[in-house]
Amino acid sequence: MKRVLVGGAGGFIGGHLVKRLKAEGFWVRGADIKQHEYSPSKADEFLVGDLCDPQIARAALENVEDVYPLAADMGGAGYIFTGEHDAAVMRNSATINLNILEFGRQAGVKRFFYSSSACIYPEYNQLDPDNPKCDEQSAYPAAPDSEYGWEKLFSERLYLAYMRNYGLKVRIARFHNIFGPEGTWDGGREKVPAAICRKVSQTPEGGEIDIWGDGKQTRSFLYIDECLEGVRRLMESAFAGPVNIGSEEMVTINQLADMVIDIAQKKLSLKHISGPLGVRGRNSDNRLIREKLGWSPSKPLREGMRKMYDWVSEQVTIARAQGQVEEVAGVGAKR
Ligand code: NAD
């Protein structure tokens, strides 16, 4: 049985990846600074510890063939675009990747997956919300709009340098807004799909939900199961990447909010307020992944958003029963 490590197994994508790898028959070690918040891990072994600590990283990498180091200091726009966490984001995530590569190489790990991000793409190509340019070649000259994006770009280069100099097998994906159940939905690190679902679920009929900016900024969102299919195909292929793993179904944030309101069958309106925004437009460009791996998303955004809304609503109900959610008339309230 092949032995693999999933770093960040206590997080959203890592938690789902552990389940997928177990279903495929792998022996899985999970490692994270915390246990998974929403469901007990299916990993054969779960190491709770800080992967910035060389001793922990060494222990995590012992006796595994493949590594999926998904651990990173990250969050949605409210976490990575305010500038308040820049130093921690860069230091923590870069240290994790430096440790994983060096100690993994020493331990004889054969293959490394790396979860880069659409946030590496230059801001100058994403000013027009209707025509963002995000093909893999357009990453340079580099000009990401966040330190999170700069760290991802540095780490992409680090993985590629280890591949060239030490002959390691490396597979790099650039994820575009992955969403689904069992991810952060409140507390400040949540991303747009979770935040909108929470606000729609919490706001009484006839109320308003807050949207940062004018809501005309565009994005695409990919459901977690589709993402994992792309990850597994990439890992088993002979193609190193970097390659986009995302959806090409681009929507404005207003359209996404209206979709969730419709799914919830509520009558709510949108209230535009100031907030951290990120680039004006972004969409995945899947030409390369279609060509190399024959992969593209199989289901429409609405189908994933329905599952997402049902799960977030359930969390809101549980939190309310525990007295953790405050209701504010007309505005989606946070714990
Ligand atoms: P997440 O925050 O849910 O998971 C990350 C996990 O890493 C968390 O459980 C956290 O506790 C853990 N972690 C952080 N610092 C650690 C440390 N020092 N030691 C051990 N564990 C640590 O995020 P996610 O959405 O599951 O993202 C997984 C990966 O995919 C990250 O590398 C992220 O940058 C990348 N990514 C995600 C998206 C997305 O839309 N979710 C988009 C682009 C890239």
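A pocket, in this tour, is an open set of grid points with protein on both sides within 12 Å along at least five of seven lines. The second largest pocket here holds about 190 Å³ of space, and we will come back to it after looking at the whole chain and the ligand. Keep in mind as you click around that this is a predicted model.

**Stop 1: the whole chain**

Show the protein as a cartoon and colour it by secondary structure. You will find 10 helices and 13 strands in the chain. Its radius of gyration is 19 Å, close to the 20 Å that the globule rule gives for 335 residues, so the chain is as compact as a globular protein of that length. If you turn the C-alpha trace along its principal axes, it spans about 60 × 45 × 35 Å.

**Stop 2: the ligand and its shell**

Now select the ligand and show the residues around it as sticks. There are 26 of them, and I13, D32, D50, Y148 and I178 come nearest. Sorted by class, this shell contains 13 nonpolar, 8 polar and 5 charged residues.

Which elements each supply at least two residues of the shell? They are helix 1 (12-23), strand 5 (111-117) and helix 5 (147-166). Strand 5 gives the most, with 3 residues.

Next, display the backbone atoms of F12, L51 and A72. A polar backbone atom of F12 is 2.8 Å from an oxygen atom of the ligand. At L51, a backbone N or O atom lies 2.9 Å from a nitrogen atom of the ligand. For A72, the distance from a polar backbone atom to a ligand oxygen atom is 3.5 Å. Switch on a surface to see the cover: on its own the ligand has 810 Å² of accessible area, and the protein covers 92% of that.

**Stop 3: the second largest pocket**

Select Y223, E226, K299, P300 and G304. Among the 17 residues that line the second largest pocket, these lie nearest its centre. Strand 10 (222-223), helix 7 (224-236) and helix 10 (301-321) each give two or more residues to the lining. Helix 10 provides the largest share, 4 residues. What classes of residue make up this lining? Its residues divide into 7 nonpolar, 3 polar and 7 charged.

**Stop 4: the enclosed cavity**

Rolling a probe the size of a water molecule over the atoms shows where empty space is left. How many cavities of 30 Å³ or more does a search of the whole structure find? The search finds 1. The largest cavity has a volume of about 40 Å³. To locate it, select G15, V18, K19, H36, S39, P40, S41 and K42, which line the largest cavity. By class, that lining has 2 nonpolar, 4 polar and 2 charged residues.

**Stop 5: backbone details**

Finish with the backbone. Most residues other than glycine have a negative phi, and most peptide bonds are trans. The next three places to click are worth a look with that in mind.

- Y140 and P141: the peptide bond from Y140 to P141 is cis, with omega near -5°. You will find P141 in the loop between strand 5 and helix 5.
- G241 and P242: these two are joined by a cis peptide bond, with omega about 0°. P242 sits in the loop between helix 7 and strand 11 (243-245).
- N177: phi is near 45° here, a positive value in a residue other than glycine. Look for N177 in the loop between strand 6 (169-175) and strand 7 (178-179).

From N177, you can step along to I178, one of the residues that come nearest the ligand, and pick up the tour again at the second stop.

Definitions and conventions:
Residues are numbered from 1 along each chain as its sequence is written. This is a predicted model: local features need pLDDT of at least 70, side-chain atom pairs count only at pLDDT 80 or more; totals for chains, interfaces and linings use all residues. Side-chain values use heavy atoms; hydrogens and water are left out. A residue is near a molecule or strand if one of its heavy atoms lies within 4 Å of it. A polar contact is a pair of N or O atoms within 3.5 Å; within protein, one must be able to donate a hydrogen and the other to accept it, and residues adjacent in sequence count only if both atoms are side-chain atoms. Accessible areas come from the Shrake-Rupley method with a 1.4 Å probe; for residues, only the protein chains shown count as cover. Ala, Val, Leu, Ile, Met, Phe, Trp, Tyr, Cys and Pro count as nonpolar, Asp, Glu, Lys and Arg as charged, and the others, Gly among them, as polar. On a 1 Å grid over the protein atoms alone, a cavity is a set of points where a 1.4 Å probe fits but cannot get out, and a pocket is an open set with protein on both sides within 12 Å along at least five of seven lines; lining residues have an atom within 4 Å of a point. Grid points are joined across faces, edges and corners, and a volume is the space filled by probe spheres set on the points. The radius of gyration is taken over C-alpha atoms; the globule rule is 2.2 Å times the number of residues to the power 0.38.
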